[in-house]
Amino acid sequence: MGVGNEYGLRFGRLEKGERNLITDVPGVTVGHRTLSEGKIQTGVTAIVPHPGNCFREKCPAAIHIINGFGKSAGMMQVQELGTLETPILLTNTLSVGTASTALIRYMLEGNPDIGVTTGTVNPLVLECNDGRLNDIRGLHVGEEHIFDALRAASADFEEGAVGAGTGMCCYGLKGGIGSASRIVPIGGTDYTLGTLLLTNFGALRDLTVCCQPVGRELADRPLPDQGSVIVITATDLPLSSRQLGRVARRAQNGLARTGTITGTGSGEVVVCFSTANKISHYPEGPVTRAEYLHEDYIDTVFRAVGECVEESVISSLLHAKTTPDTAPIIRTLTEYLNRF
């Protein structure tokens with residue numbers, strides 16, 4: 001998975017994970033539900049942090065908003081408490097409400113104490129606008145599609161125009177879901193960091209692939225840098241929510257290497273979580289102890305997230321396929337690269 005070698009592309013210097021997907025981080029799974037029929041080109045992607053109960057065993061997490069042109073739900077509490085207590089859902093902009101309700105129902109089924117003997121739950125749903133290729137006003141994503149994506153979550157998943165990425169455009173080309181992973185060797189231990197991106201941003205003339213400004217050769221007219229990108233980063237490194245925030249901010253390095261200027265109408269949101277040091281909803285006592293990575297060793301983590309984000313963007317482009325309805329409007333990067 002990830003970007004193959006057919007074009008001789010290499011992103012960075014760190015070793016890739018076994019699948020070169022975010023699911024190389026042990027316990028992380030991903031599921032899609034794709035809606036692709038005529039003018040309906042949309043869907044849902046679910047990222048499940050670990051196989052246990054996400055509400056009872058929360059993951060340390062952080063959110064970084066590169067540009068806040070977006071309508072996601074649930075970010076405020078993650079920023080405040082530094083924890084993730086549900087799977088993460090990705091979908092189109094106008095389906096955030098439906099996805100939030102369905103995710104709440106999903107969490108209620110597994111946690112009869114929510115809203116009764118304990119507090120409520122914070123569903124995290126993020127979005128991009130697929131209205132260029134999808135009948136977004138039709139509100140075609142239903143609660144059943146959310147449950148389908150959650151049930152489909154596994155270590156192996158497709159990239160490209162699937163799930164939430166079905167109707168997305170990136171750099172004026174067909175975009176969607178892209179993912180990559182890196183092995184992070186620190187102190188004699190190999191950790192893993194992976195990213196999953198929902199790509200829907202950028203202007204074609206800016207597209208850069210492995211430092212090559214290919215967009216200059218492909219663009220026939222100037223267009224604005226607009227859309228959005230959602231970056232999900234997972235790792236098994238023992239990082240605090242503050243450190244995860246530092247890692248999340250470095251995602252911009254990978255995005256920039258693909259050429260984007262982060263235009264005013266483009267929403268960029270990064271979510272970063274760790275599967276180490278899970279935080280119990282019901283603590284055994286008032287004091288919690290955990291071990292965290294020393295700051296002197298974090299530069300390799302910064303390198304890993306930059307490499308993963310850059311590769312995930314290009315991977316989303318190379319795996320994306322057009323449908324008969326979208327092909328005359330949006331071409332694929334594969335079509336262009338085959339010309340060189």
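**Figure 1. Ala256 in helix 6.** With a relative accessibility of 40%, Ala256 counts as partly exposed. The residue belongs to helix 6, which covers residues 251–257. This is a predicted model, so read this view and the others below with that in mind. For a sense of distance, pick Thr189 as a partner: Ala256 and Thr189 are 67 residues apart along the chain, and their C-alpha atoms are separated by 30 Å.

**Figure 2. The whole chain, for orientation.** Before zooming in further, here's the overall picture. The chain holds 8 helices and 13 strands. Its C-alpha trace spans about 65 × 50 × 35 Å along the principal axes. How does the radius of gyration of the chain fit with a compact globule? For 340 residues, a compact globule would come out near 20 Å, and the chain has 19 Å, so the two agree. As for burial, 57% of the 340 residues count as buried.

**Figure 3. Tyr106 and Phe147, an aromatic pair.** The count of aromatic pairs comes to 2, and this view takes in one of them, Tyr106 with Phe147. Their ring centres are 6.3 Å apart and the ring planes sit at 65 degrees; planes over 60 degrees apart count as edge-to-face, so that's the label this pair gets. The pair links distant parts of the chain, since Tyr106 comes from helix 2 (residues 96–110) and Phe147 from helix 3 (residues 143–151), with their positions 41 residues apart in sequence. Buried or exposed, what is Phe147? Phe147 is buried, with 14% relative accessible area. Tyr106, at 29% relative accessibility, counts as partly exposed.

**Figure 4. Two charged side chains over Phe rings.** Swing over to Phe55 and you'll find Lys58 lying over the face of its ring, 4.0 Å from the ring centre. A second view shows an arginine in this role: Arg250 lies over the face of Phe302, at 4.0 Å from the ring centre.

**Figure 5. The cavity and its lining.** Rolling a probe the size of a water molecule over the atoms shows where empty space is left. Searching the whole structure turns up 1 cavity of 30 Å³ or more, and the largest cavity has a volume of about 30 Å³. Which residues line the largest cavity? The lining is made up of Phe69, Gly70, Ser72, Glu127, Ser228, Ile230, Gly267, Glu268 and Val269. By type, that lining divides into 3 nonpolar, 4 polar and 2 charged residues. Strand 11 (226–235) and strand 12 (265–274) each supply at least two of the lining residues. Strand 12 gives the most, with 3 residues.

**Figure 6. Cys210 and Cys211, two positive phi values.** Most residues other than glycine have a negative phi. Here are two cysteines to check on your backbone plot. Cys210 isn't a glycine, yet has a positive phi of about 50 degrees. Cys211 has a positive phi too, near 70 degrees, and is likewise a residue other than glycine. Where is Cys210 in the chain? Cys210 is in the loop between strand 10 (189–200) and helix 4 (214–218). Cys211 also lies in the loop between strand 10 and helix 4. The accessibility labels for these two are worth reading off one by one. Cys210, at 19% relative accessibility, counts as buried; the cut-off for buried is under 20%. Cys211, at 66% relative accessibility, counts as exposed.

**Figure 7. Pro60 in strand 3.** Pro60 has its place in strand 3, which covers residues 57–67. With a relative accessible area of 4%, Pro60 is buried. Now bring Ile279 into the frame. How far apart in space are Pro60 and Ile279? They are 7.2 Å apart, C-alpha to C-alpha, while 219 residues apart in sequence.

**Figure 8. Val48 in strand 2.** Val48 lies in strand 2, residues 40–48. At 10% relative accessibility, Val48 counts as buried. To finish, add Gly27 to the view: Val48 and Gly27 are 21 residues apart along the chain, and 8.3 Å separates their C-alpha atoms.

How values were computed. Residues numbered from 1 in each chain as written. Predicted model: local features only at pLDDT ≥ 70, side-chain atom pairs only at ≥ 80, totals over all residues. Heavy atoms only, no water. Phe/Tyr/Trp six-rings, centres within 6.5 Å; stacked < 30°, edge-to-face > 60°. Helix = DSSP H or I, 4+ residues; strand = E, 2+ residues; numbered from the N terminus. Buried < 20%, exposed > 50% of the residue type's maximum accessible area, 1.4 Å probe, protein only. Lys NZ or Arg CZ within 6 Å of the ring centre and 35° of its normal. 1 Å grid on protein atoms, 1.4 Å probe; cavity = no way out; pocket = protein on both sides within 12 Å on 5 of 7 lines; lining within 4 Å. Points joined across faces, edges and corners; volume = space filled by probe spheres on them. Nonpolar A, V, L, I, M, F, W, Y, C, P; charged D, E, K, R; others polar. Rg over C-alpha atoms; globule rule 2.2 N^0.38 Å.
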